[in-house]
Structure formats: structure tokens, C-alpha cells
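User: I want to learn how to read the empty spaces, the core and the ring pairs of a protein model. Where do we begin?

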Amino acid sequence: MNKSLVTNLTAVILIVLGYVLENTFLLMMGIFALSGALTNWLAIYMLFEKVPGLVGSGVIPNRFEEFKTAIKSLMMEQFFTQENIDKFVSNSAQNSKFELKPIIEKVDLTPSYERLVEVIMNSSFGSMLGMFGGADALTPLKEPFLTNMQSSLIEMTQTDEFHQMLQEELDQPDVMADIQAKVAEIIDARLEELTPQLVKEMVQKMIKEHLGWLVVWGGVFGALIGLITTALMMMPL
């Protein structure tokens, strides 16, 4: 179900009913609901797409280099620490593959979400988002973002290609002396394959479904504001 389409159609129906029935309450509720829903829809669209003339649009693809840096920092600081590398090497003789899933499931990915929010709020788009509650408006996205980020990292580390490259590096002499640098090179090579479009699609897949609720609530609150405004206007002075 397309939440944005349903919300906008409902608002249009209210406008039509208000006009046909000459009901000011329905008409104003519809107008305000449509205004709120369309404004929130445009704000969501501007997160992922560049709109000519609208400064701050296209935040996600425009900041893809920062996302790549954040992913590398997360991998190196949380997964490939000296302690974890010791465990990998000691078990390499018994296991042909390294199971990173248990580690990833224990790692707190909240900093990656906070970095996303920080990037959005520090962009020109942040001032527009401030009209809808600022960073708090993104709070409902936290859990789905963390869940999907965790799943994406697990999938990436479970590929045969990833394990093959990692195993080849672990089999080299003097592993412990330069393994972190080697892993960093592997991650850099993989991240270099990312493009603004891929980053946009990755983030969009994680949170787009839940962003649709912003359009729904924009329409709901818009309708309430329209109802209250109309009631106040019709009150005798």
C-alpha cells in the first residue's frame, strides 16, 4: 500500500466533498491535510533526490563519501579490533570461514544512526526538517535503520568473496603485524565500488517504508489544524 498516495487521495476527497456539500469544515480539513501531506512528501523526496533550485535537496547521495567513511570506521573500530583478529587467526586452522554474525549482532550500531541524523541535520535540509520537530522527527526510523544496517553487514561478511579475500590475507606470513592494514585495504576496495546511486538505494531501502508514515501524519495533523482553524474562524468575536 502506497501510504503517500492513499493520504493525498483522502485529502482530495475531503476537498471535493467539502466543495460539493458546501461544508467549510470538510473543505478546510482537506486543504490543510493535502498541504501537510504534500509538504512531508516533498521533504522525503528531497532526502534522496536533487531538486533544481531547492538548496539542500539530495542529502543522501550528496553525502555518500561521509557514509563510506562511517562504514569503514564502524568495521575497523568494532569488528576488526586486535582482540577479534586474535580470535580469527587462532581459529583459522579449524574453520575455513569466519563467522562474524555473532559479533555483529552484539555490536551497538547506534553511532551509525546518529551519524546519519547528524549528516541530515547539518545539511541545508536540516532547517526544513526543523519545522517538523527536527531530529526527533527521525526517531521512528532508528530501530528499522539499525535492524536493516545489521542485516546488511551480516550479508556482506557472509559472501564467499569476502571470506576468500580474508582467508588469503590470514594465510600470509607475519599476519598479526599488518592484518589490520590489509583488512582496511579490502574494505576500501569494496567501498570504492559504491556510487552515490548505490548509497541512495541502500539507505532508501532501509527507511523509505517508514518515512511514508511522515506523509500520513502530515495529512492527519494538517486536517486537525484545518478543523481547529475553521472552528476558531467561525466563533463569534
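Analyst: Begin with residue classes. Ala, Val, Leu, Ile, Met, Phe, Trp, Tyr, Cys and Pro count as nonpolar; Asp, Glu, Lys and Arg count as charged; the others, Gly among them, count as polar. Now apply that to the second largest cavity. Its lining has 10 nonpolar residues, with no polar and no charged ones. Keep in mind that this is a predicted model.

User: Which residues line the second largest cavity?

Analyst: Leu-47, Tyr-113, Leu-116, Val-117, Ile-120, Leu-138, Leu-141, Phe-145, Ile-207 and Leu-211 line the second largest cavity. The space inside is about 60 Å³. Helix 7 and helix 12 each supply at least two of the lining residues. Helix 7 has the largest share, 4 residues.

User: How far should I trust the model? What is the mean pLDDT of the protein chain?

Analyst: pLDDT is the predictor's confidence in each residue, from 0 to 100. Here the chain has a mean of 77, and 83% of its residues reach 70 or more. Next, look element by element. Helix 1 (residues 3-20) has the highest mean pLDDT, 86. Helix 5 (residues 82-91) has the lowest, 66.

User: Back to cavities. How many are there of 30 Å³ or more?

Analyst: A cavity is a space where a 1.4 Å probe fits but cannot get out. The count here is 4 cavities of 30 Å³ or more. The largest cavity holds about 140 Å³ of space.

User: Which residues lie nearest the centre of the largest cavity, and what classes make up its lining?

Analyst: The largest cavity has 13 lining residues, and those nearest its centre are Phe-67, Ile-71, Ser-112, Phe-145 and Met-149. By class, the lining divides into 11 nonpolar, 1 polar and 1 charged. Four elements, helix 4, helix 7, helix 9 and helix 12, each supply at least two lining residues. Phe-145 also appears in the lining of the second largest cavity.

User: And pockets? What is the volume of the largest pocket?

Analyst: A pocket is an open set of points, whereas the probe cannot get out of a cavity. The largest pocket here has a volume of about 560 Å³. Its lining counts 17 residues, and the closest to its centre are Ser-152, Leu-153, Met-156, Leu-194 and Met-202.

User: Which helix gives the most to that lining, and how do the classes divide?

Analyst: Helix 9 gives the most to the pocket lining, with 7 residues. Helix 9, helix 11 and helix 12 each supply at least two. The classes come to 8 nonpolar, 4 polar and 5 charged residues.

User: What about the packed interior? Which residues have the most contacts inside the largest nonpolar core?

Analyst: First the general idea. In soluble globular proteins, nonpolar side chains tend to be buried together. In this model, the largest nonpolar core has 42 residues, and Phe-48, Phe-80 and Leu-153 have the most contacts inside it. The elements giving two or more residues to this core include helix 2 (24-48), helix 4 (64-79), helix 9 (142-157) and helix 12 (196-234). Helix 4 gives the most, 7 residues. Leu-153 is also one of the residues closest to the centre of the largest pocket.

User: Now the rings. How many aromatic pairs are there?

Analyst: The count is 3 aromatic pairs. Take Trp-41 and Tyr-45. Their ring centres are 5.4 Å apart and their planes meet at 20°, so the pair is stacked. The cut-off for stacked is under 30 degrees. Both residues lie in helix 2, 4 residues apart, about one turn of the helix.

User: Are those two rings buried or exposed?

Analyst: Partly exposed means between 20% and 50% relative accessible area. Trp-41 is partly exposed at 39%, and Tyr-45 is partly exposed at 37%.

User: How is the pair of Trp-217 and Phe-221 arranged?

Analyst: Trp-217 and Phe-221 form a tilted pair, with 5.8 Å centre to centre and 35° between the planes. Both lie in helix 12, 4 residues apart, about one turn of the helix. Trp-217 is partly exposed, with a relative accessible area of 45%. Phe-221 is partly exposed too, at 47%.

User: Last one. How far apart are Gln-150 and Glu-105, in sequence and in space?

Analyst: Sequence separation and spatial distance are read separately. Gln-150 and Glu-105 are 45 residues apart in sequence and 7.0 Å apart in space, C-alpha to C-alpha. Gln-150 lies in helix 9. Gln-150 counts as partly exposed, at 22% relative accessibility.

Technical notes:
Residues are numbered from 1 along each chain as its sequence is written. This is a predicted model: local features need pLDDT of at least 70, side-chain atom pairs count only at pLDDT 80 or more; totals for chains, interfaces and linings use all residues. Side-chain values use heavy atoms; hydrogens and water are left out. A nonpolar core is a set of buried Ala, Val, Leu, Ile, Met, Phe, Trp, Tyr and Cys residues joined through side-chain atoms within 4.5 Å. Buried means under 20% relative accessible area, exposed over 50%, partly exposed in between (1.4 Å probe, protein chains only). On a 1 Å grid over the protein atoms alone, a cavity is a set of points where a 1.4 Å probe fits but cannot get out, and a pocket is an open set with protein on both sides within 12 Å along at least five of seven lines; lining residues have an atom within 4 Å of a point. Grid points are joined across faces, edges and corners, and a volume is the space filled by probe spheres set on the points. Rings of Phe, Tyr and Trp (its six-membered ring) pair if their centres lie within 6.5 Å; planes under 30 degrees apart count as stacked, over 60 as edge-to-face and the rest as tilted.
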